[in-house]
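Subject: The structure I promised you

Hi,

Here is the structure we talked about. Have a look at it first, then read on for what turned up.

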Amino acid sequence: MERKRYTIAILLLAMMIWPFATTIAQTPRAIAFEGIENARDMGGLVMQDGRTIRSGMLLRSGNLNKASDADVAILKDRYRLTDVFDFRLEPEAAAAPDRVLDGVSYTHLSTLPQAFIAAFSSSRTDTARMDPKSMMATLVKHAFDPQAQAVAQKLYPAIVTDALAQRYYGQFLREVLEAEGGVLWHCSQGKDRAGLASALLLAALGASRDVIVEDFDLSNQSYAPQVEAISARISGKEGAEAALEFIRAMVGVSRKNFEATLDLIDQKYGSLPDYVRNQLGFSKKQQKQLRKKYLQ
């Protein structure tokens, strides 16, 4: 039984590491990069006080490993990029390093809990030999496994309750506040760890829960073709509903799991603003400064 749980943890981590998308849907605020997936500008989102995020300053995306020369030009000329935050594990980043832009500061902040880091370190050889097609087959195989489904449901709660992850997300907010130009943050596919970073930043900027959830859910549009292709192999089978939710969580994002995590934050820490202030150490004064800088 312990070995099975260990194997499932490795599988779920591998799903985060190997990108499945080859095209990018035209989601709201999408940026049409050639080699950067799931990219969008946070500009234009409306906060609860009626102000909007300034365009061209806050960007979220997948990793920058395949950024083209044209992508680099956009980041430097249009967005005046000065800071990149990478939420991947160090071995992830080493396997697919970001393209380095001159004059840009790169900060690595791995926000996965230690249990997942240990699983990845032990499974490095096995996962490195698996191509995306094999990974998809493995994903379908495990989609009906209640243990796999349970681990998927626990991933976001594990991150937001982890002390080191809280420290790193707090550091992220403080460094965004101090950034001198455009800021970009990412993980592997720009959906889970980067998605949580976006949610916390939006909370600090004064976004409503609805705005936070809708932005998080947009990653499902970017990865819709892959989710639909795998889901077609599952639909109609007994237990398909839970299996499909697992597929959405692994290849896209699970809105259900994310909202449950927001509920957990409310229950455990009082509210999302309380969590940002107390667990992440980002004060009301800093939030006021952040809003002055990034809102209009």
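Start with Phe216, which is buried in this predicted model because its relative accessible area is 1%, and the cut-off for buried is under 20%. Phe258 is also buried, with a relative accessible area of 1%.

Now for the aromatic rings in general. How many aromatic pairs does the structure hold? There are seven of them. Take Phe87 and Tyr169: their rings make a tilted pair, with 5.3 Å from centre to centre and 40° between the planes. These two come from distant parts of the chain, 82 residues apart: Phe87 sits in the loop between strand 3 and helix 3 (90-95), while Tyr169 belongs to helix 7 (residues 163-178). Are Phe87 and Tyr169 buried or exposed? Both are buried.

Back to Phe216 and Phe258, which pair up as well, and this pair is stacked: the centres are 3.8 Å apart and the planes differ by 5°. Phe216 is in helix 9 (residues 209-217) and Phe258 in helix 13 (residues 255-269), so this pair too links distant parts of the chain, 42 residues apart.

Phe87 and Tyr169 are also part of one aromatic cluster, together with Phe85, Phe172 and Trp185.

Next, the sheet. Zooming out for a second, the protein's secondary structure comes to 15 helices and five strands. The five strands form an open sheet with mixed pairing, in the order 1-2-5-3-4. Which strands are at the edges? They are strand 1 (40-41) and strand 4 (105-108), each of which pairs on one side only.

You can walk across the sheet from there:

- Strand 1 pairs with strand 2 in the antiparallel sense, over two bridges. Arg40 has Arg60 in strand 2 as its bridge partner.
- Strand 2 pairs with strand 5 in the parallel sense, over four bridges. Here Ser61 stands opposite His186 in strand 5.
- Strand 3 (residues 81-86) runs parallel to strand 4 and is joined to it by four bridges. Asp86 faces His108 of strand 4.

Strand 2 deserves a second look. Leu58 and Arg60 point one way from it, Leu59 and Ser61 point the other way, and all are buried.

On to the helix that covers part of the sheet. Helix 8 (residues 193-205) lies across strand 2 (58-61) and strand 5 (182-186), and runs at about 155° to strand 2. Helix 8 also packs against helix 15 (residues 284-294), at an angle of about 95° and with the axes 8 Å apart. That angle is why helix 8 counts as roughly perpendicular to helix 15, since the range for that word is 65 to 115 degrees. On the helix 8 side, the contact is made by Leu201, Ala203, Ala204 and Leu205, and on the helix 15 side by Gln287, Leu290, Arg291 and Tyr294. What classes of residue make up this contact? Six are nonpolar, one is polar and one is charged.

Two single residues are worth finding on your screen.

One is Arg277, in helix 14 (residues 272-279). Arg277 counts as partly exposed because its relative accessibility is 27%, which falls between the limits of 20% and 50%. Its C-alpha atom is 8.5 Å from that of Ala204, although Arg277 and Ala204 are 73 residues apart along the chain. If you leave aside neighbours within four places in sequence, Arg277 is in contact with Phe282, Ser283, Lys284 and Gln287.

The other is Tyr269, which lies in helix 13. Tyr269 is buried because its relative accessible area is 15%. The C-alpha atoms of Tyr269 and Gln279 are separated by 8.2 Å, with their positions ten residues apart along the chain. Outside its neighbours within four places in sequence, the contacts of Tyr269 include Val160, Thr161, Gln166, Asp274, Tyr275 and Gln279.

Last, the protein as a whole. Of its 296 residues, 56% count as buried. Among contacts with a separation of 6 or more, 75% are between residues 24 or more positions apart.

Have fun turning it around!

Cheers

How values were computed: Residues are numbered from 1 along each chain as its sequence is written. This is a predicted model: local features need pLDDT of at least 70, side-chain atom pairs count only at pLDDT 80 or more; totals for chains, interfaces and linings use all residues. Side-chain values use heavy atoms; hydrogens and water are left out. Two strands pair if DSSP finds at least two bridges between them. Contact means heavy atoms within 4.5 Å. Axes are lines fitted to C-alpha atoms, for helices over the stretch in contact, and angles run from 0 to 180 degrees between N-to-C directions. Buried means under 20% relative accessible area, exposed over 50%, partly exposed in between (1.4 Å probe, protein chains only). Angles under 35 degrees count as roughly parallel, over 145 as roughly antiparallel, 65 to 115 as roughly perpendicular and the rest as oblique. Ala, Val, Leu, Ile, Met, Phe, Trp, Tyr, Cys and Pro count as nonpolar, Asp, Glu, Lys and Arg as charged, and the others, Gly among them, as polar. Rings of Phe, Tyr and Trp (its six-membered ring) pair if their centres lie within 6.5 Å; planes under 30 degrees apart count as stacked, over 60 as edge-to-face and the rest as tilted.
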